[in-house]
Amino acid sequence: MLLTKLTILNYKNIAEATLTLSEKLNCFLGYNGAGKTNILDAVYYLSFCKSAFTSIDSQNVRHGEQFFMIEGDYTDDNGEKENIQCAMRLGTKKHFRRNKKDYKKYSSHIGLIPLIMLSPSDSYLIEGANEERRKLMDIAISQYDSTYIDLLNNYNKALQQRNALLKIEDCDPELLTLWEEQMAQYGEELFKKRDYFIEQLIPLFQKYYEKIADGQEQVSLCYKSHCQRGPLLDVIQRDRAKDIAVGYSLHGIHRDDIEMHLDGFPIRREGSQGQNKTYIIALKLAQYSFLRTQGVKTKPILLLDDIFDKLDANRVERIVSLVASDEFGQIFITDTNSERLDKIIQRQAYDHKLFNVENGSVIKD
């Protein structure tokens, strides 16, 4: 799927922009705070019906304005045209439309425009809580498996109901059993999907890390879940007394995690800033490759937001050479260093467009 034209009105600090885009490389250059990331976030919004950085839509409206609007014109692999538009006025519900028709369920849109985004906030994949690593799986799987979001919503509903009961003194054990059975049913289905995804992701991830790091380190991933301890219902019910004591559920797929290792040690403890960044970039490129070859089986859009900081020049050039190959499709890159990016692009002669961003204004170079 290619984004051929992007229109933005009052989205964050972007007052108005209409951009005709390259089919390959679109580069947005400017100082920190100029609005480069907001342009990429608008592209992200058109894929996921929400911002990558906030779940509160009113926070996306430009200060002093009453609404925002984002519109994208796309062309799919068969040459068919798609128009996606989102608009929201303060105090009202947002409208998300495909070819001028409103969606009844936003989740039915997920996967139509597959997308992978890399940003500085991805450092939380290594440094943050296990919620961040589960989110990585959820975002990727939901783009090629239309049942995943509903399963996850059903599991979370059962979890919330069980947690509410656990806080009640002398709670009804039969009601607890009802919600535990639903947690186990949906949880085991989600586990199978996550387990398959990580199993397929590992060799792709290791391949990309080796290419970027030039074979200097060994990396690995290990998926951890309570489902690996036996039937999930048994695992949940085994410690019901403890759950009642603390007032929430200690076991289930809401506790899943991905262990991340560098040369056999936890990267959280051992990795340098450059190694951590290389690790995350390789992980996201592996997700891209998985979606392209085994998931949606088309080239997703790739967003690279300020990814070159803390990386040496050789790794930067290897990354750009990788993503500019035929293996990848349309790419959006932001950078504060125009000279660095321009040298790489000119040397490789990629099809590209350069845009300068300053105080929310976007000007084609």
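Two strands pair if DSSP finds at least two bridges between them. The legends below describe close-up views of a predicted model.

**View 1. The antiparallel sheet of six strands.** Strands in the order 2-1-4-5-6-7 make up an open sheet, and their pairing is antiparallel. At its edges are strand 2 (14-20) and strand 7 (101-102), each of which pairs on one side only. Inside the order, strand 4 (residues 67-75) and strand 5 (residues 81-89) run antiparallel and are joined by nine bridges. One position to look for is Phe67, which stands opposite Arg89 in strand 5.

**View 2. The mixed sheet of six strands.** A further open sheet has six strands in the order 8-12-13-3-14-15, and its pairing is mixed. Strand 8 (115-118) and strand 15 (361-364) have a single partner strand each, so one side of each edge strand has no neighbour in the sheet. From one strand to the next, the twist averages 20 degrees. Towards the end of the order, strand 14 (residues 352-358) pairs with strand 15 in the antiparallel sense over four bridges. Phe355 has Lys364 in strand 15 as its bridge partner.

**View 3. Strand 13 and its two neighbours.** Strand 13 (residues 331-335) is mostly covered, with five of its five residues buried. In a regular strand, side chains alternate between the two faces of the sheet. On one side of strand 13 are Ile331, Ile333 and Asp335, on the other Phe332 and Thr334, and all are buried. Strand 3 (residues 25-29) pairs with strand 13 in the parallel sense over five bridges, and Leu25 stands opposite Ile331. Strand 12 (residues 301-305) also runs parallel to strand 13, joined to it by four bridges. Here Asp305 has Thr334 as its bridge partner.

**View 4. The crossover from strand 12 to strand 13.** A right-handed β-α-β unit is made by strand 12, helix 10 (residues 313-323) and strand 13. Leu304 is found in strand 12. With a relative accessible area of 1%, Leu304 falls under the 20% cut-off and is therefore buried. Leu304 and Cys27 are 277 residues apart in sequence, yet their C-alpha atoms are 9.5 Å apart in space.

**View 5. Strand 9 and its two faces.** Which side chains of strand 9 (residues 219-224) point to the buried face? Val219, Leu221 and Tyr223 point to one face and are buried, whereas Ser220, Cys222 and Lys224 point to the other and are not. Strand 9 pairs with strand 10 (residues 257-262) in the antiparallel sense, over six bridges. Lys224 stands opposite Asp257 in strand 10.

**View 6. Aromatic pairs at helix 9.** The whole structure holds 16 aromatic pairs. In one of them, the ring centres of Phe197 and Phe290 are 5.3 Å apart and the planes are at 85 degrees, so this pair is edge-to-face. Phe197 belongs to helix 5 (residues 173-213) and Phe290 to helix 9 (residues 273-293), and the pair links parts of the chain 93 residues apart. Phe197 counts as buried because its relative accessibility is 0%, and Phe290 counts as buried at 1%. Another pair, Tyr288 with Phe328, is tilted, with 4.5 Å centre to centre and 35 degrees between the planes. Tyr288 lies in helix 9 and Phe328 in the loop between helix 10 and strand 13, so the pair ties together parts 40 residues apart in sequence. Tyr288 and Phe328 are buried. One aromatic cluster is formed by Tyr144, Tyr196, Phe197 and Phe290.

**View 7. Helix 9 along its length.** Of the 21 residues of helix 9, 18 are buried, so the helix is largely enclosed by the rest of the structure. How far apart are the end C-alpha atoms of helix 9? They are 30 Å apart, which agrees with the 30 Å that its 21 residues should span at 1.5 Å a residue.

**View 8. Lysines over tyrosine rings.** Lys94 lies over the face of Tyr106, 5.0 Å from the ring centre. Over the ring of Tyr208 sits the charged end of Lys207, at 4.6 Å from its centre.

Conventions. Residues numbered from 1 in each chain as written. Predicted model: local features only at pLDDT ≥ 70, side-chain atom pairs only at ≥ 80, totals over all residues. Heavy atoms only, no water. Buried < 20%, exposed > 50% of the residue type's maximum accessible area, 1.4 Å probe, protein only. Right-handed = clockwise from strand over helix to strand, strands pointing away. Phe/Tyr/Trp six-rings, centres within 6.5 Å; stacked < 30°, edge-to-face > 60°. Lys NZ or Arg CZ within 6 Å of the ring centre and 35° of its normal. Expected span 1.5 Å × (residues − 1). Axes fitted to C-alpha atoms, helices over the stretch in contact; angles between N-to-C directions.
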